[in-house]
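Please look over the model shown below before reading on. The report that follows takes up a pocket, a strand pair and two residues in turn.

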Amino acid sequence: MGDLAIKVEHVSKKYCKSLKRSMMHGITDIARNSLGFSSHSGVLRKEEFWALNDISFELKRGETLGIIGPNGSGKTTLLKMLNGIFWPDKGKITVCGRVGALIQVGAGFHPMLTGRENIYLNAAILGMSKNEVDKKFDSIIDFANIGDFIDSPVKFYSSGMFVRLGFAVAVHCRPDILLIDEILSVGDQGFQIKCFRRMNELLDSGTTVILVSHSMIAIERVCKKTMHLSNGRLKDEGETMEVIRKYIGNIESCNSEPTSTIDKENPIIFTKGNIKRTNSQIDLELEFQTTISIKNPNIVAILWKGDVRVCNIVSGDTLSSLRSGRYKVKFNVGNLSLSYGHYHVSVRLRDRLNPLCTYGINGRIVDLFVKDNSEGMNGINLGENGIIIAESDVNIESI
Amino acid sequence: MNLVQSKETMVTYEPDNSIKKGYLSIFKEIFNELKSNQWLCYQLFKRDFLTLYKQSFFGIVWVFIFPLVSVGTFLILKGSGIFTFGNIQVPYPLYAILGIAFWQLFATGLIATSNSLVKAGPMIVKINFSKKSLVIASFGQAIVSFIIQIVFLGILFIYYQHMPSIIILFLPVLVLPIILFSLGLGFILSLLNGIFRDIGNALSLLMTFCMLLTPVLYAKPVSGTFADLTNYNILYYLICVPRNILLMGIMNSKSDWTGFFISVVLSLVFFTSCLVIFHLTETRIAERV
């Protein structure tokens with residue numbers, strides 16, 4: 001085994017769609033197993049389907065793996081199998097070391113018990129020993145930071161407090177392998193930062209982490225390798241950036257269709273985007289088509305990192321009025337340093353004098369992946385409402 | 001040090017895992033699991049205990065209400081002449097309440113264990129923990145009620161100035177067979193209840209019926225089909241016989257002794273096989289519960 005943490009060999013899991021059938025299958029399985037027969041779980045019976053199909057991967061100690069994919073692709077099922085909650089129907093899973101799973105925070109809490117009582121209960125359920133809890137008790141209360149409420153029944157907690165306490169217990173487990181299912185998005189900002197800091201501590205101490213998330217930012221932040229599941233199958237696997245880029249491209253190809261038709265409702269459409277980055281210089285090219293003429297056009301391109309707005313790139317008062325036709329606009333941002341991560345650009349065309357009047361909009365016209373942090377200062381201005389505006393040269397031509 | 005320890009633990013999950021390993025290793029696995037989860041078991045028991053009467057006005061008084069109402073009902077039935085108890089040599093309330101204490105240990109224990117997995121369903125699908133500990137812990141409540149009732153009975157013994165047999169010192173040994181029987185059955189029913197909710201619904205109904213069928217509140221009938229039926233009722237030997245020993249010191253008949261010993265052996269075998277079956281199949285329950 002050596003430094004192997006997790007080994008998954010051709011694992012499949014089947015589910016049943018119908019409740020009544022599921023009952024019958026369940027009782028057959030139990031009967032067969034208790035009589036010492038094999039349950040022939042590798043064969044599909046009536047109304048069953050593979051929720052996970054032939055998944056294989058290996059993870060070494062201290063590695064981090066992200067799992068992404070649309071809803072229903074089998075991410076949580078895989079996590080639950082790694083934790084031993086569900087057992088594979090085909091294949092084999094080998095896990096070395098103590099596993100801590102954060103599938104739902106506070107799952108073992110009893111609403112009638114006080115926070116204090118629940119800490120002991122939940123810790124025991126998560127596999128901690130009495131000594132461990134006694135030792136870490138103060139640290140847990142400290143981390144949760146819910147004040148006097150620690151002696152009130154958990155059912156009187158706000159949902160935030162509930163989660164804080166649950167997370168506080170869970171992160172004190174000191175697992176060798178930590179499985180996390182989409183829970184870092186809970187709690188307020190301060191608590192989230194605390195959670196990430198704690199995660200980093202765990203990572204530094206050599207914990208193997210598997211993170212299931214829809215937040216690409218969280219995945220990028222934590223995971224070196226990423227797996228993309230789709231319909232229970234392993235669609236893609238490799239370096240996080242690459243997998244995410246393909247995954248996003250995938251979503252885009254099915255989402256961007258509706259905006260590509262031009263009609264009365266959408267007099268202006270953005271048809272194409274192109275972005276190039278060399279060091280701290282960014283060249284953004286946008287093509288759009290308009291069926292109406294616009295007097296005071298203002299093109300606003302917003303650079304996003306996940307759901308965080310990095311800066312606006314605006315054409316300002318440089319554009320003269322436009323007649324109907326096709327145009328290509330080029331922004332040249334001279335000095336904008338970006339850190340590792342993946343970005344996308346949304347764009348809108350609106351009236352310069354009346355910002356509430358938007359003619360055309362595209363929520364995600366182009367993606368940008370930054371693999372190396374660029375050096376240097378940002379040439380930025382603060383615009384209205386504190387929005388950061390990147391200085392740029394603009395030029396527009398009719399095509 | 002913790003890290004060094006945990007590095008040695010390696011778990012594999014694959015279909016029909018236990019069958020491949022063979023039956024002998026199963027006993028070792030079960031033993032190790034129960035041993036290493038003692039504290040978890042205690043915590044789960046404490047949870048049940050602390051929460052059972054927490055939002056209740058009468059609280060722990062509920063433990064006494066069931067035996068008092070049952071005994072009261074039978075006293076009324078007797079007073080109106082509908083029902084005769086048969087030949088009982090000790091004060092009836094002592095006989096009945098001790099009998100009900102034993103019965104309750106079996107019945108409430110069985111109902112609690114049977115519902116334990118279903119009740120913890122949301123937790124089972126989110127955290128991997130020892131399900132055996134959960135089932136065992138849920139039996140704890142029945143034991144606590146039993147102890148409380150025995151203390152209450154102590155007062156009754158003084159009131160009626162009746163000395164129980166010296167065998168009462170071996171009470172824990174006497175109740176062990178019925179506990180094992182109930183727990184074993186509970187293991188199986190908790191699994192089945194996870195799949196068919198019918199089990200939980202039918203159980204409380206069935207319990208009342210079984211209690212009337214077992215001579216808990218009346219003396220064992222001397223003749224007739226009912227007497228024959230009682231001769232083959234394992235609950236009679238595990239509940240009524242120990243009760244009679246406690247109250248009267250000796251047993252009425254030799255057949256009771258043999259029946260008692262056979263039942264004790266049966267309950268041990270039954271408990272062990274149920275535990276093994278539970279161990280073999282518990283991995284299937286999370287996806288169905």
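The text below describes a pocket of chain B, a hairpin of chain A and one residue from each chain.

This is a predicted model, in which local features need pLDDT of at least 70 and side-chain atom pairs count only at pLDDT 80 or more, while totals for chains, interfaces and linings use all residues. Residues are numbered from 1 along each chain as its sequence is written, chains are lettered from A and ligands numbered from 1 in the order in which they are written, and side-chain values use heavy atoms, with hydrogens and water left out.

**The second largest pocket**

The second largest pocket holds about 1200 Å³ of space. A pocket here is an open set of points on a 1 Å grid over the protein atoms alone, where a 1.4 Å probe fits and protein lies on both sides within 12 Å along at least five of seven lines; lining residues have an atom within 4 Å of a point. Its volume is the space filled by probe spheres set on the points, which are joined across faces, edges and corners. Of the 49 lining residues, Leu52(B), Ile111(B), Ala112(B), Lys119(B) and Gln141(B) lie nearest the centre. H6(B) gives the largest share of the lining, twelve residues, and helices H4 (38-52) and H8 (131-159) of chain B are among those that each supply at least two. Helices (H or I, at least four residues) and strands (E, at least two) are DSSP runs numbered from the N terminus.

**The hairpin in chain A**

Strands S15 (residues 341-351) and S16 (residues 358-370) of chain A run antiparallel and are joined by nine bridges, where pairing requires that DSSP finds at least two bridges between two strands. Six residues lie between S15(A) and S16(A) in this hairpin, and Tyr343(A) has Leu368(A) as its bridge partner in S16(A).

**Two buried residues**

Buried means under 20% relative accessible area, with a 1.4 Å probe and protein chains only.

| Residue | Element | Relative accessible area |
|---|---|---|
| Asp48(B) | helix H4 of chain B | 16% |
| Thr64(A) | strand S3 of chain A | 7% |

Not counting residues up to four places away in sequence, Asp48(B) touches Ala137(B), Ser138(B) and Gln141(B), a contact being heavy atoms within 4.5 Å. The side chain of Asp48(B) also makes a polar contact with the side chain of Arg47(B) at 3.4 Å. A polar contact is a pair of N or O atoms within 3.5 Å; within protein, one must be able to donate a hydrogen and the other to accept it, and residues adjacent in sequence count only if both atoms are side-chain atoms. For Thr64(A), a polar side-chain atom lies 3.0 Å from the backbone nitrogen of Lys224(A).

Key
Buried means under 20% relative accessible area, exposed over 50%, partly exposed in between (1.4 Å probe, protein chains only).
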